[in-house]
Amino acid sequence: MKFGTGNVPFSASFKDQKNVISLTEQIQQFSSVKNNLTALMGAVATEKFLKESLIFISIGSNDLFAYYHSKSSIPKEKFLCSLELAYENHLKTLYNLGARKFGIISVAPIGCCPSQRIFNATGGCLEELNEYAVTFHSKLDALLCKLSTKYEGFKYSLGNSYEMTMNVIQNPLPFNFTQVEAACCGAGKLNAESYCTPNANLCPNRDQYLFWDLFHPSQAASKLAAVTLYFGGPEYVSPINFAQLAEA
């Protein structure tokens, strides 16, 4: 399990990936930055600075990809519980380092990525993968609620990336999207059989595509997500949105 790895294709060997920084290592870097700030600003000022800072985390999709396609013998519930425990330990570490405000973005409907649709003869989503994302969101929701009652000053917003994305997929035109299945940049079926390279096929209207490449959202989709997370209602981000978290 490589909880916290960067976005890589499920078929790739994790050990061969370059420039992939695990969440564990990122938190170690956060600790180093805290030490540097303390040396520059002093302990009291650094503590205040960190308490007012927003810590954004969007992670877990690669872990679900890897588990699903590995055909692991580990039961799904046991695997998801292990991810939840890893997430909890990381959040506790960040809290102990002084972080207090957490903007958490749950896993999107990854079964609807172009890279996964090509495994469905109809071109539809892989619903089992989507079920993993929904279940993991529920676990994160319960976890964050628990931590907020257990640890003084722990505040959070949980972005429901699944509902945000499915809303666009099921009703794309009001958001100015005309293509929510294929990637803008790639090759083959749904432009999802290879990465976006200098020789890839490139769509002429990228802002009308939900997906930039076989895994990742387009810039237009990312902008829409950011606005929704910041200003959105409880159906998409709860118990408060990111704007309210900033002011909390």
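**Fold, cores and local details of the chain**

The chain's secondary structure adds up to nine helices and eight strands; here helices (H or I, at least four residues) and strands (E, at least two) are DSSP runs, numbered from the N terminus. The radius of gyration is 19 Å, close to the 18 Å that the globule rule gives for 248 residues, so the chain is as compact as a globular protein of that length. For this comparison, the radius is taken over C-alpha atoms, and the rule is 2.2 Å times the number of residues to the power 0.38. This is a predicted model, in which local features need pLDDT of at least 70 and side-chain atom pairs count only at pLDDT 80 or more, while totals for chains, interfaces and linings use all residues. Residues are numbered from 1 along each chain as its sequence is written, and side-chain values use heavy atoms, with hydrogens and water left out.

Some overall numbers set the scene. Along the principal axes, the C-alpha atoms fill a box of roughly 55 × 40 × 35 Å. Of the 248 residues, 45% count as buried, a label for residues under 20% relative accessible area; exposed means over 50%, and partly exposed is in between (1.4 Å probe, protein chains only). The chain exposes about 12800 Å², and carbon and sulfur atoms supply 54% of that area. Accessible areas come from the Shrake-Rupley method with a 1.4 Å probe, and for residues only the protein chains shown count as cover. Contacts, meaning heavy atoms within 4.5 Å, often link distant parts of the sequence: among those between residues at least 6 apart, 68% join residues at least 24 apart.

Next comes the inside of the fold. The largest nonpolar core has 51 residues, and Ile57, Leu64, Tyr87, Leu91, Leu94, Phe102 and Ile104 have the most contacts inside it. Helix α6 (residues 127–150) gives the most to this core, with eight residues. Apart from this core lies another one, of six residues, among them Ile105, Met164, Leu229 and Phe242. A nonpolar core here is a set of buried Ala, Val, Leu, Ile, Met, Phe, Trp, Tyr and Cys residues joined through side-chain atoms within 4.5 Å. Leucine 91 touches Ile57, Phe102, Ile104, Leu143, Leu144 and Leu147, leaving aside residues up to four places away in sequence.

Two helices are well covered. In helix α3 (residues 61–70), seven of the 10 residues are buried, so this helix is largely enclosed by the rest of the structure. The buried ones are Ser61, Asn62, Asp63, Leu64, Phe65, Tyr67 and Tyr68, and they pack against α4 (76–96), α5 (114–117) and α6. Lysine 71 follows α3 and has a positive phi, near 55°. Helix α7 (residues 161–170) is mostly covered too, with seven of its 10 residues buried: Ser161, Tyr162, Met164, Thr165, Met166, Val168 and Ile169.

Met164 of α7 turns up again as a neighbour of threonine 228, which also touches Tyr236 and Val237, not counting residues up to four places away in sequence. Threonine 228 is part of helix α8 (residues 219–231) and, at 17% relative accessibility, counts as buried.

Phenylalanine 211 sits in strand β7 (residues 209–211) and is buried, at 7% relative accessibility. The C-alpha atoms of phenylalanine 211 and valine 180 are separated by 6.8 Å, although these residues are 31 apart along the chain. Val180 is one of the residues that phenylalanine 211 touches; the others include Cys112, Cys113, Pro114, His216 and Pro217, again leaving out residues up to four places away in sequence.

A few spots in the backbone stand out. Most residues other than glycine have a negative phi, and most peptide bonds are trans. Asparagine 176, in the loop between α7 and β4 (179–183), has a positive phi near 70° and counts as exposed at 57% relative accessibility. Leucine 190, in the loop between β5 (185–186) and β6 (201–202), also has a positive phi, near 55°. With a relative accessible area of 22%, leucine 190 is partly exposed. Finally, the peptide bond from serine 238 to proline 239 is cis, with omega near 0°, and proline 239 lies in the loop between β8 (237–238) and α9 (242–247).
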